[in-house]
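Thanks for coming, everyone. I have one structure to show you today. Please look at the screen.

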Amino acid sequence: MEAHNLQEYYTFTKGIIYLLMGGALVGVTLFWQFLMGGKAYRDENKKNYGDHH
């Protein structure tokens, strides 16, 4: 990356931050699903306890 002026530098770094935040959003969502046990765990709880929660 070669920035010729301050505006190009800010535009480039802003784009990189958007990519990092998008990756973090996907990563946190997948990690949360991992922590909660995934779909099989939810289906098993629903079968055992019904929809009363």
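I'll go through the fold, then the main helix features, then the surface.

First, a caution: this is a predicted model. The protein chain has 53 residues, and buried residues make up 0% of them. Its secondary structure is two helices and zero strands. The chain exposes about 5,300 Å², and carbon and sulfur atoms supply 64% of that area.

Now helix 1, which covers residues 6-36. Does its length fit the expected span, or depart from it? It agrees: at 1.5 Å a residue, 31 residues should span 45 Å, and the end C-alpha atoms of helix 1 are 44 Å apart.

Look at its two ends. At the N-terminal end, Asn5 acts as the cap. A side-chain oxygen of Asn5 lies 3.3 Å from the backbone nitrogen of Gln7. Just after helix 1 comes Gly37, with a positive phi of about 90°.

Next, the aromatics. How many aromatic pairs are there? The count is two. Tyr9 and Tyr10 form a tilted pair, with 5.9 Å centre to centre and 50° between the planes. Tyr9 has a relative accessible area of 40%, so it counts as partly exposed.

Phe12 sits in helix 1. Is Phe12 buried or exposed? Partly exposed, because its relative accessibility is 38%.

Last, the surface. Tyr9, Tyr10 and Phe12 are among the residues of a nonpolar surface patch of about 1,100 Å². Also in that patch are Met1, Leu6, Ile16, Ile17, Leu19, Leu20 and Met21.

That's the tour. Over to you.

Definitions and conventions:
Residues numbered from 1 in each chain as written. Predicted model: local features only at pLDDT ≥ 70, side-chain atom pairs only at ≥ 80, totals over all residues. Heavy atoms only, no water. Patch = residues over 30% accessible without salt bridge, like charges linked within 9 Å, V, L, I, M, F, W, Y side chains within 5 Å. Areas by Shrake-Rupley, 256 points an atom, 1.4 Å probe, with all protein chains shown as cover. Salt bridge = Lys/Arg side-chain N within 4 Å of Asp/Glu carboxyl O. Helix = DSSP H or I, 4+ residues; strand = E, 2+ residues; numbered from the N terminus. Buried < 20%, exposed > 50% of the residue type's maximum accessible area, 1.4 Å probe, protein only. Expected span 1.5 Å × (residues − 1). Polar contact = N/O pair within 3.5 Å; in protein donor to acceptor, adjacent residues only side chain to side chain. Phe/Tyr/Trp six-rings, centres within 6.5 Å; stacked < 30°, edge-to-face > 60°.
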